[in-house]
Amino acid sequence: MTDFLRLKHWEVLATHEQVHGHRVDARFADTPAACLKCGADGALYRHGVIRQAVNDTTHAGKPVVIDWQRQRYKCRSCGGTFLQPAPDIDDRHLMTRRLVEHIEQSVLRRTHVAVAEEVGVSEGTSRNVFRAYAERMEARHVFQAPAILGIDALHIRGRARGVLTNIGDKLILDFLEDRTRDLVYRSLQRLEHRERVKVVAMDMHRPYLTVTRLVFPTAIAVVDKFHIQRLASQSLDALRKLVGKRVSRRRGAFIKRNRHVLLARPVHLRDEQKLLLAEWLAEIPELRTAYDLKEQFYDIWEENTEAGARNALHAWRAAVPPQLARIFKPLLTASTNWEPEILNFFATQGVTNAFTEAMNRNLRDVDRAGRGYSFEALRIKALFSHGVVKYRRPARLGLQRRDLAAKQLPAHLMPFDLPAALGIPLSTFVTALKQRL
Ligand SMILES: [Zn+2]
């Protein structure tokens, strides 16, 4: 009977098998040597017993609850009282540490409801246990803010998720369930040395700009050029669909099948594709106009200066004829609303989110809808489970920390600074994500 729990220093007094699980009357037979309040030795005396119900891992597939007769102690020296400490018990959740670990590991494979039912706790308790674990992992991985920060979307499990990156070092900083302002704000607040951020590259998502202005008031916000250029291609494709309905069904289907000929930049086309393109554009004047507008828009990024690009952008908007204004409306609107951030590309030597774009391509084949377990579990495991974090090379403390430098230690006695955690390498993150999706 004593070995029912298999926990050191625990004495099982009785076990009761019930329909839904086991109840175990037990006590922890180890007495603290010194007072937990004042540290006095040999001043403790027993001061009653309280009963606590402590959840434990299952026994033969059934939940286990330990009815713990927990000793209370009082100290003769300081008068303080405290409950018997037990290393196997997690006091925050009132469960054994092994059950806490079991829940932390299980919620990645199953839903909170399923895990909770297995071990006999509430769904809320399962969530609380994982939240505490997530907080611990986050506290252990505090990253340094980068000079160039990326805020973008990652398409995972059927939805756009927020992703924060260190663009210069190609590292992941965070991965968020959605793209709300509050979630991004909280994530940015976790970064150390936020004053170091000089440039923030983002897609055209208004909450990102709001948060950026709030957290990094002096940083330059740049709209990623791929996101705005993509709208030009999408407008052309929208026209292609309209045109496809007017020509014969076979013709429409043929153009659709070969639409990359329209959407690609001409320099990437093979000779036979160029011939095809020339044929369509000669045949359908409206397509010609829209195609030229698409190309003219991409060409804005061939400009060398911000002023040149501004002129080119204004000229582009003026060149959209009234009959194509509806087709190009998303681009006309976005390029007006985001004009300063679009042109900041030229003021920042061409910062883009190409790194996140590459990540999206890499993850496209695993972007499938959810499997039930919580996003939070996926996030924490993908970010932190591999234990691979990129660190900056340690610098000498004398150059870093004024408080110690003020003591004027000779240089050779200066200890080394703790290395600064920068983020998670892309390959580590993608591997961890792919294993768990
Ligand atoms: Zn004491």
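**Confidence, core and elements of a predicted model**

Across residues 395-407 the pLDDT, the predictor's confidence in each residue from 0 to 100, stays under 50, and the model has 16 contacts beyond four places in sequence for this stretch; a contact here means two C-beta atoms, placed from the backbone, within 7 Å. Residues 409-417 also have pLDDT below 50, with 16 contacts beyond near neighbours in sequence. Where pLDDT is low, the predicted coordinates should not be read in detail. For the protein chain, mean pLDDT is 88, and 90% of residues reach 70 or more.

This is a predicted model, so local features need pLDDT of at least 70 and side-chain atom pairs count only at 80 or more, while totals for chains, interfaces and linings use all residues. Residues are numbered from 1 along each chain as its sequence is written.

Now to the inside. The largest nonpolar core (buried Ala, Val, Leu, Ile, Met, Phe, Trp, Tyr and Cys joined through C-beta atoms within 7 Å; buried means 20 or more other C-beta atoms within 10 Å of a residue's own, placed from the backbone) has 87 residues, and Ile 103, Leu 149, Val 200 and Ala 201 touch the most other members. Strand 8 (148-156) gives the most to this core, six residues; strands are DSSP runs of E, at least two residues, and helices runs of H or I, at least four, numbered from the N terminus. Leaving aside neighbours within four places, Ile 103 contacts Val 115, Val 119, Ser 126, Val 129 and Phe 130.

Helix 6 (225-246) has buried residues including Ile 228, Leu 231 and Leu 239. The helix's buried residues pack against strand 12 and helices 7, 8, 10, 12 and 13.

Notes:
Buried ≥ 20, exposed ≤ 12 C-beta atoms within 10 Å, placed from the backbone.
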